[in-house]
Amino acid sequence: MAKKVHIVINPASGQPQPILNQINDVFYPAGVQWSVSITLKSGDATRFAKQAIAEGADLVCSYGGDGTVMEVAQAVQGGDVPMAILPGGTANLMSVELGIPKDLSKAAQIVIDPNSVVRRVDMGQTGAQLFMLRVGIGLAGEKVKLADRELKDKWGILAYSIAGLKALQTVPIAKYWITVDGVEYETEGKTCLIDNAGNIGLQGMTPTKVSVSDGLLDVIVVRDASVGSLLAVGGAVLGRDVNPAAMKHWQGGEITIECDPPQTVQGDGENWGETPTSAKALPGVLPILVPPDEQKE
């Protein structure tokens, strides 16, 4: 069990709640020495996490949404000091992926549980930028752009669905040229995903072939916005066979994507410009503390 814990808190995430009291109620009886940093702007979480590691923290916790988790992950990736996730944001996709409870007190219990384990999780890299969840192109990129803070504050996780419906009206079908580990493919679609993790925000609802610990990235192209294609994605989530006319799927360690017309690109909820783009897998570089039954998939 970690004895010196630092928590990076994003106060803009989630809904107002007395989080320090809840954390202290778990940590204090266990004898955990803990401290906090409060983020004010982009980049703070990475800086605070690196500083905590340099000062001897043996665990860095992230309290916030997936953006905060990603910033802390940039500080701990490639090292021996793990991170823990205390979900506090809108979607919390990585915490759902790893079986970490949404309830703050239950998530904090993972830190003091002697049976918790450190799982080595893959990341992806696009240029100098890292991602944990996915790169989204086309409809997936526009959806993130439209799901601004005002929409999230009003509708929570439904903000992404609302933004997606708006994006459907403007994003055209594009022609994709996709290279996976040197093999070239050509297809058309409404959106393209480079997935490291498959979770869509619901416990257990993960495409069966997408793993956060297999050392590979998954490329998924949804051919159009028809009911058939959307049902195909739902079928993949539930582990059913997918009609290739509705959705294409490849796996590999190095991915390059070009498309016409150029499409919006997002990485883990951040706007990364437009295509072309490329990505490579970084196997097992991120140590995350998880519940005992989540060590293996």
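This passage describes helix 5, the loop after it, strand 11 and the cysteines of a predicted model.

The structure is a predicted model, in which local features need pLDDT of at least 70 and side-chain atom pairs count only at pLDDT 80 or more, while totals for chains, interfaces and linings use all residues. Residues are numbered from 1 along each chain as its sequence is written, and side-chain values use heavy atoms, with hydrogens and water left out.

Helices (H or I, at least four residues) and strands (E, at least two) are DSSP runs, numbered from the N terminus. A residue is termed buried under 20% relative accessible area, exposed over 50% and partly exposed in between (1.4 Å probe, protein chains only). Helix 5 spans residues 104-112, and its buried residues are L104, A107, A108, I110, V111 and I112. These buried residues pack against strand 1 (4-9), helix 1 (19-30), strand 3 (59-64), strand 4 (83-87) and strand 16 (277-290); contact here means heavy atoms within 4.5 Å. At the start of the helix, a side-chain oxygen of D103 comes to within 3.2 Å of the backbone nitrogen of S105. A polar contact is a pair of N or O atoms within 3.5 Å; within protein, one must be able to donate a hydrogen and the other to accept it, and residues adjacent in sequence count only if both atoms are side-chain atoms.

The loop between helix 5 and strand 5 (117-126) contains S116. This serine is buried, with a relative accessible area of 14%. A polar atom of the S116 side chain lies 2.7 Å from the backbone oxygen of I110. With neighbours within four places in sequence left aside, S116 is in contact with I110, L289, V290 and P292.

Strand 11 (residues 217-222) is mostly covered, as 6 of its 6 residues are buried. On one side L217, V219 and V221 are buried, and on the other D218, I220 and V222. Two strands are said to pair if DSSP finds at least two bridges between them. Strand 11 pairs with strand 10 (residues 191-195) in the antiparallel sense over 5 bridges, and V219 is the bridge partner of I194. Strand 11 is also joined to strand 12 (residues 247-252), again antiparallel, by 6 bridges; here V222 stands opposite M247.

The structure holds 0 disulfides, a disulfide being a pair of cysteine sulfur atoms within 2.5 Å. For C259, which is in no disulfide, the nearest cysteine sulfur is that of C192, 8.2 Å away. C259 is buried, with a relative accessible area of 11%, and C61 is buried with a value of 0%.
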